[in-house]
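Colleague: Could you take a close look at the cysteines in this one for me? I'd like to hear which of them pair up, where they sit, and what surrounds them in the chain.

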Amino acid sequence: MNRIVVKERDGDVKISRHIYGHFSEHLGRCIYGGYWVGNDPEAAASIPNTRGIRNDVTAALRRIKIPNLRWPGGCFADEYHWRDGIGPREERPRMVNTHWGGVTEDNSFGTHEFLDLCEQLGCEPYICGNVGSGTVQELSQWVEYCNFDGVSPMADLRRKNGRSEPWNVRYWGIGNENWGCGGNMTAEFYADNFRRYAVYARNYGKSSLYKIACGPNSADYHWTKVLMEKAYVKNSGGMLQGLSLHYYTIPGEWTKKGSAVEFDEKKWFETMEKAYVMDELVHKHGAIMDEYDPGKEAGLVVDEWGTWFDVEKGTNPGFLYQQNTLRDALVAGIHFNIFNNYAERIRMANIAQTINVLQSVILTEGTKMICTPTYHVFDMYKVHHDAVKLPVSVDSETVNGIPSVSSSASMDKDGKIHISLTNIDTEREQPVKIELHGYILSPSIQVRGKIVTAEHIQDHNTFAREDNVALKEFTGISLSGQILNAVLPAKSVVTLELA
Ligand code: AHR
């Protein structure tokens, strides 16, 4: 039997909606063909779009209330020169996307197009600057171009390019993976560079930037220590406000990740075990941050997470296109429960990547678009956006040595309680007894639920069967006195609502 205790709220810790953020890079068919058809007259004529941005995609992302979008990379960010992506499109220089397939990037999707996309989505932009091959001046001018309202070289250039109002972009990444593709730096060298770049990324007007330093590669605790020691300055306003963390769920070795769709139970459990590693990483990096910042002023920003499998057969290996099954839905549920439970420290997270790359929520093929099982988990968990965290303790059965059940809970502004649960067991349903401390469950309470599950672990949506895995009503709940009993079907993600 599994037992979950949902405790009383512990102050006002909110689960930031930004935990449900996204990441979209100039990689494969994420931007081009995913969001943007503005450079392809044939596609633009057949796919309904607004100023080159696909309407079906913006509508789907608005439904899950996408809170922020990180761009332009990823590894691409440290090779990207933003001035190549402004001004008349036909005059923009081309470049080679050396990281991702060696294809020619025509720069038709640049700063104005990205910020138009964010406005159409109703989300906050998160721009990642170029530290690896750029300059302090280049990043400083990008901030001025986006955010300065007065008369200045960059603000005037922005106006000349058709935008009078500044966008007031708040979130800025100072480089990406600078320990690897972003310059192969040591922690010490990067920390010094971060300080330089951060000084000249100025606040204009009322905007106060949230500067996110490149953080560790999974369990590189030395990196976190150095960054906190050298780049976090308490109440500085000018230095590190956020520290990123990148961790991908990769079952097996890099060369033996396996297919996204054709996998067995062994791979399923290997994947789940790897997904749970996020808990340990957040815990340990958080403990280091606590040493320097016990008041949790700085945020941990998990700005790349998700599954990474082999590319689909017949696709460009540099495009990282993978399908998305019920297995990905469980990985998403496990991650969201971890992020919600560490909401004191985690201020943002970004799944890699929104469309047609790695653990995508949307796949496109020409005029068609489908939502993946991961999309439906984002949809289910949107009830936690900006809700007050309710701490949970979970006493779970295990399957193959891994906890079967994970959970997180929150209370929204209307007083509704939402409890999310995952069951990774492929064979057995899991009965869960849920106690709520500090709340009286009267018989008139309304309890409802939503579920994502499927018959087979490999089930997924295709362009021919787009609703094979979808969000459905969950009915396996009953109240007995002050105990809520839920029976979680095998391989499912569930969210309960108590109103
Ligand atoms: O998401 C794909 C790549 O993974 C990103 O470009 C990089 O930051 C990470 O290594």
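Modeller: Cys75 and Cys181 are joined by a disulfide, with 2.2 Å from S to S; the term here means a pair of cysteine sulfur atoms within 2.5 Å. Keep in mind that this is a predicted model, where local features need pLDDT of at least 70, side-chain atom pairs count only at pLDDT 80 or more, and totals for chains, interfaces and linings use all residues. Residues are numbered from 1 along each chain as its sequence is written, and side-chain values use heavy atoms, leaving out hydrogens and water.

Searching the whole structure turns up one disulfide. The link of Cys75 and Cys181 is left-handed, at -90 degrees about the S-S bond. This pair ties together distant parts of the chain, 106 residues apart. Cys75 sits in the loop between strand E5 (68–71) and strand E6 (95–97), while Cys181 is in the loop between strand E9 (171–174) and helix H6 (187–200). (Helices, H or I with at least four residues, and strands, E with at least two, are DSSP runs numbered from the N terminus.)

How do the two partners sit with respect to the surface? Cys75 is buried, at 11% relative accessible area, whereas Cys181 comes out as partly exposed, at 28%. The cut-offs, with a 1.4 Å probe and protein chains only, are under 20% for buried and over 50% for exposed, with partly exposed in between.

Now for cysteines outside that link. Cys123 is in no disulfide, and its nearest cysteine sulfur, on Cys118, is 4.0 Å away. That distance is not within 2.5 Å, so Cys123 and Cys118 don't count as a pair. Cys123 is also buried, with 9% relative accessible area. Cys146 is in no disulfide either, and again the nearest cysteine sulfur is that of Cys118, this time 11 Å away. Cys146 is buried too, at a relative accessible area of 0%.

So, to pull the cysteines together: Cys75 and Cys181 make the one disulfide that the search finds. Cys123 and Cys146 are in no disulfide, and each has Cys118 as the carrier of its nearest cysteine sulfur. For burial, Cys75, Cys123 and Cys146 are buried, while Cys181 is partly exposed.
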